[in-house]
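Trainee: I have a new model open and would like to learn how to read it. Could we go through it together, feature by feature?
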Amino acid sequence: MKAVAWHGKRDVRVDEVPEPKIEEPTDALVRVTTAGICGSDLHVYEVLGRPYMEEGDVLGHETIGIVEAVGHDVTNVRLGDRVVLPFNISCGRCFMCAHELYSQCETTQVREHGKGAALFGYTRLYGSVPGGQAELIRVPQAQFGPIQVPHGPSDERFVYLSDVLPTAWQAVAYAEPPRDGSLAIFGLGPIGQMCGRVARHLGVARVFGIDLVRERLQLARRYGIETLDLRECDDIATALRDLTDGRGPDAVIDAVGMEAHGASVAKLTHQIVGALPSRMALLVAERAGIDRLGALYACLDSVRRGGTVSISGVYTGMIDPLPLMDIFDKQLQLRMGQANVKRWVDDLMPLLTGEGDPLGVQDLATHRLPLAEAPRGYEIFQEKKEGAIKVLLEPGQVVADGDAGRAPFAL
């Protein structure tokens, strides 16, 4: 079958790889109809690849498709069912799953590296499980994981249940902005966009979105988000205080993570790690890794005293310096972590199966490409070319001439 495989920094290819098979009685096989390219995929595309990836690793963790085979112990889904796959692989039975901390599942925890639940398509730190940017995917723990969705509506109606929507919902839930209060979101990529829409849907009075990409700012404004362009703000924290009675927003979400602009020392560290031999790169990353923290510092500076900073952006540094004196002095609460996908499905499903499209799930993807064009999809998403905000890959779509495969894009 064809699958998107990692071959090095900024080098992904569509390879012919062996089709997966049922290996355990709790496995299922799913024929992929749509797979998203996530901002987290760009981490392995750009900075995390060398120490943590093997050439040929299959990428992708935002997947929807049709069940093609099931193991003996899988009774919750049947052949022909349409399912979304949560990006974290969890058993539903262990202590952590009983507490709805599915991203910490004790059955699939990657204890060798001291990490939480295994993930699809994401580095040896999280199990090196082949991902969903492929024609077919093996699904471990299928007795619990797959989310059954109805046939009929387009894949875009449901595919974001795999990651984007639960991550955004959890980020807002962790931020706990008061309904009559304010929330600022740093980063208006797919997660940031959905954070803003979720917050507005839940009735938060004022939602601010901060970014420096024109298309992202324009899209956010369509959903009632007050935008601030970093290219026009000398001091974003001061600008936010000026908009909130001099205090700052009640809550702030960091939807940027380690890909923040600036922080030249950390950027240089990433470049050095990427140039080292794999074994040495792994040692440096695990013991002396440092992130680009510009966005997080801005969040901590911007939020009002007694407020909450919710972190959904990915960080991997082991020696990241934090301004603990300021955090303590401002009496801030920090909440963070990978989304516990299935924890939020009951909240989200009525918004996807009911009337209308309250979260605008069919107004997020800017590009829908055949699987064969995955390298181009990664490039335009990484470089923010062609107005790319969200890229979806469709294994069943054939390559066409010209601009076929690109979604209509009008702002």
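Mentor: Gladly. This is a predicted model, and a good place to start is a salt bridge: the side chains of R82 and D155 meet in one, at 2.6 Å from N to O.

Trainee: Which parts of the chain does the pair R82 and D155 tie together?

Mentor: To read that, look up where each partner sits. R82 belongs to strand β5 (residues 82-85), while D155 is in the loop between β7 (147-148) and α4, so the bridge joins parts that are 73 residues apart in sequence.

Trainee: Is R82 buried or exposed? And what about D155?

Mentor: Here the cut-off helps: buried means under 20% relative accessible area. R82 has 6% relative accessibility, so R82 counts as buried. D155 is buried too, because its relative accessible area is 16%.

Trainee: How many salt bridges does a search of the whole structure find?

Mentor: The search finds 27. One of them joins the side chains of K390 and E62, again at 2.6 Å from N to O. K390 lies in the loop between α13 (374-383) and β15 (391-394) and E62 in strand β4 (residues 62-70), so this pair links parts 328 residues apart in sequence. Both K390 and E62 are buried.

Trainee: What is the burial of the two partners E215 and R214?

Mentor: Their side chains form a salt bridge at 3.0 Å, N to O. E215 is buried, at 15% relative accessibility, whereas R214 is partly exposed, with a relative accessible area of 44%. Salt bridges can also be linked in a network, as with K9, R10, E46 and E383.

Trainee: E46 is in a helix, I think. How many of the eight residues of helix α1 are buried?

Mentor: Seven of the eight residues of α1 (residues 39-46) are buried, so the helix is largely enclosed by the rest of the structure. The buried ones are S40, D41, L42, H43, V44, Y45 and E46.

Trainee: Y45 caught my eye. Which residues does V12 touch?

Mentor: Leaving out residues up to four places away in sequence, V12 touches V4, A5, Y45, L59, P375 and Y378. V12 is in strand β2 (residues 11-16) and is buried, at 6% relative accessibility. Compare sequence and space here: V12 and Y378 are 366 residues apart in sequence, yet their C-alpha atoms are 8.0 Å apart.

Trainee: How should I read a nonpolar core?

Mentor: The general idea is that nonpolar side chains tend to be buried together in soluble globular proteins. In this model, the largest nonpolar core has 70 residues, and Y160 and I253 touch the most other members. Helix α4 (residues 164-175) gives the most to this core, with seven residues. A second, separate core of 19 residues includes F186, L296, L300 and V303.

Trainee: And empty spaces? What lines the second largest pocket?

Mentor: Read the volume, then the lining. The second largest pocket holds about 190 Å³ of space. Its lining has 14 residues, with M1, P18, P20, V58 and P130 nearest the centre. By type, the lining divides into eight nonpolar, two polar and four charged residues.

Trainee: How many cavities of 30 Å³ or more are there?

Mentor: The count comes to two. The second largest cavity has a volume of about 60 Å³, and residues lining this cavity include L85, F120, V139 and K342. Its lining divides into seven nonpolar, four polar and one charged.

Key: Residues numbered from 1 in each chain as written. Predicted model: local features only at pLDDT ≥ 70, side-chain atom pairs only at ≥ 80, totals over all residues. Heavy atoms only, no water. 1 Å grid on protein atoms, 1.4 Å probe; cavity = no way out; pocket = protein on both sides within 12 Å on 5 of 7 lines; lining within 4 Å. Points joined across faces, edges and corners; volume = space filled by probe spheres on them. Nonpolar A, V, L, I, M, F, W, Y, C, P; charged D, E, K, R; others polar. Helix = DSSP H or I, 4+ residues; strand = E, 2+ residues; numbered from the N terminus. Buried < 20%, exposed > 50% of the residue type's maximum accessible area, 1.4 Å probe, protein only. Contact = heavy atoms within 4.5 Å. Core = buried A, V, L, I, M, F, W, Y, C linked by side-chain atoms within 4.5 Å. Salt bridge = Lys/Arg side-chain N within 4 Å of Asp/Glu carboxyl O.
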